[in-house]
Amino acid sequence: MVMYALLTMSSRLIAILTHSSDMEATAYYDRCLELLIPALSRPEDTYDDNLLVTVIILRLHEELESTKDPKLHLLGSHRLLNSMSQFSSSGGLGEAASWQFLRQAIYVCLVQKEPWQLNLEHYMRSKVFERTDDASYANA
């Protein structure tokens with residue numbers, strides 16, 4: 001799932017940079033959704049970092065659409081993070097993805113004047129508030 005999301009994103013970027021067709025990105029996107037939809041249909045206690053990372057990458061892909069932003073993966077990310085709060089302070093890949101999503105949510109709220117939907121309390125348990133490295137300062 002994550003691999004297809006990365007292939008979707010990289011193919012889309014190559015299509016943008018080379019001014020070529022993004023048919024390859026669409027094929028990877030479709031394959032990714034074939035894996036993602038059943039994964040989201042499972043019970044929430046089976047959700048893991050891979051699911052969150054996949055949705056976050058697909059959201060980045062969605063932002064690159066030149067026509068209209070349907071915000072489908074934004075909504076999915078909101079639901080995942082609001083219902084599965086451990087991602088925001090779990091460390092590792094899940095926490096990194098949740099901080100990336102926080103930046104995406106802030107962007108959408110400011111640029112597209114959308115209402116705030118993310119519960120920030122989950123982030124307060126993160127270790128970034130205890131560390132003094134640059135990445136932690138940026139997130140805080």
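**Entry 1: a term to settle before I start**

I call a crossing left-handed if the near helix is turned anticlockwise from the far one by less than a right angle. With that in hand, I looked at the first helix pair and found that α1 passes α2 in a left-handed crossing. A reminder to myself: this is a predicted model.

**Entry 2: the overall picture**

I counted the elements next, and the protein has six helices and zero strands. Reading from the N terminus, I get the order α-α-α-α-α-α. I then asked for burial, and 36% of the 140 residues in the protein are buried. I also looked up how far along the chain the contacts reach. Of the contacts with a separation of 6 or more, 63% are between residues 24 or more positions apart.

**Entry 3: α1 against α2**

Back to that first pair. How closely do the axes of α1 and α2 come, and at what angle do they cross? They come within 8 Å and cross at roughly 160°. Angles over 145 degrees count as roughly antiparallel, so α1 is roughly antiparallel to α2.

I listed who meets whom. From α1 (residues 2–18), the contact takes in Tyr-4, Ala-5, Leu-7, Thr-8, Ser-11 and Arg-12. From α2 (residues 23–41), the partners are Glu-24, Ala-25, Tyr-28, Tyr-29, Arg-31, Cys-32 and Leu-35. Sorting the residues of this contact by class, I get eight nonpolar, two polar and three charged.

**Entry 4: Arg-12, a charged residue I wanted to check**

Is Arg-12 buried or exposed? Its relative accessible area is 10%, and the cut-off for buried is under 20%, so Arg-12 counts as buried. Arg-12 sits in helix α1, and I had already noted Arg-12 among the α1 residues that meet α2. I also looked for a partner for its side chain. The side chains of Arg-12 and Asp-22 are joined by a polar contact of 3.3 Å.

**Entry 5: the loop, and a look at Ala-27**

Between α1 and α2 there is a loop, and His-19 is in it. I stopped at this residue for its backbone: His-19 has a positive phi of about 55°, although it is not a glycine. With a relative accessible area of 74%, His-19 is exposed.

I then moved on to Ala-27, which belongs to helix α2. Its relative accessibility is 46%, and the range from 20% to 50% is called partly exposed, so Ala-27 is partly exposed. I checked its distance to Tyr-4 as well. The two are 23 residues apart in sequence, and their C-alpha atoms are 9.4 Å apart in space.

**Entry 6: α2 against α3**

Next pair along. The axes of α2 and α3 come within 11 Å, and the crossing angle is roughly 145°. α2 passes α3 in a left-handed crossing. On the α2 side I found Ala-25, Tyr-29, Cys-32, Leu-33, Leu-36, Ala-39 and Leu-40, and these meet Leu-51, Thr-54, Val-55, Leu-58 and His-61 in α3. What classes make up this contact? I get ten nonpolar, two polar and no charged residues.

Looking back over my lists, Ala-25, Tyr-29 and Cys-32 appear in the contact with α1 and also in the contact with α3.

**Entry 7: α3 against α5**

I then took up α3 (residues 49–63) and α5 (residues 92–111), whose axes come within 9 Å and cross at roughly 30°. An angle under 35 degrees counts as roughly parallel, so α3 and α5 are roughly parallel to each other. Their crossing is left-handed.

The α3 residues in this contact include Leu-52, Val-53, Ile-56 and Leu-60, and the α5 residues include Leu-93, Ala-97, Phe-101 and Val-108. By class, the residues of the contact of α3 with α5 come to nine nonpolar, five polar and three charged.

**Entry 8: Gln-104, to finish**

I picked one polar residue from that contact. Gln-104 lies in helix α5, and with a relative accessible area of 3% it is buried. Which residues does Gln-104 touch, leaving out those up to four places away in sequence? My list for Gln-104 reads Ile-56, Arg-59, Leu-60 and Glu-63.

Methods: Residues are numbered from 1 along each chain as its sequence is written. This is a predicted model: local features need pLDDT of at least 70, side-chain atom pairs count only at pLDDT 80 or more; totals for chains, interfaces and linings use all residues. Side-chain values use heavy atoms; hydrogens and water are left out. Helices (H or I, at least four residues) and strands (E, at least two) are DSSP runs, numbered from the N terminus. Buried means under 20% relative accessible area, exposed over 50%, partly exposed in between (1.4 Å probe, protein chains only). A polar contact is a pair of N or O atoms within 3.5 Å; within protein, one must be able to donate a hydrogen and the other to accept it, and residues adjacent in sequence count only if both atoms are side-chain atoms. Axes are lines fitted to C-alpha atoms, for helices over the stretch in contact, and angles run from 0 to 180 degrees between N-to-C directions. Angles under 35 degrees count as roughly parallel, over 145 as roughly antiparallel, 65 to 115 as roughly perpendicular and the rest as oblique. Contact means heavy atoms within 4.5 Å. Ala, Val, Leu, Ile, Met, Phe, Trp, Tyr, Cys and Pro count as nonpolar, Asp, Glu, Lys and Arg as charged, and the others, Gly among them, as polar.
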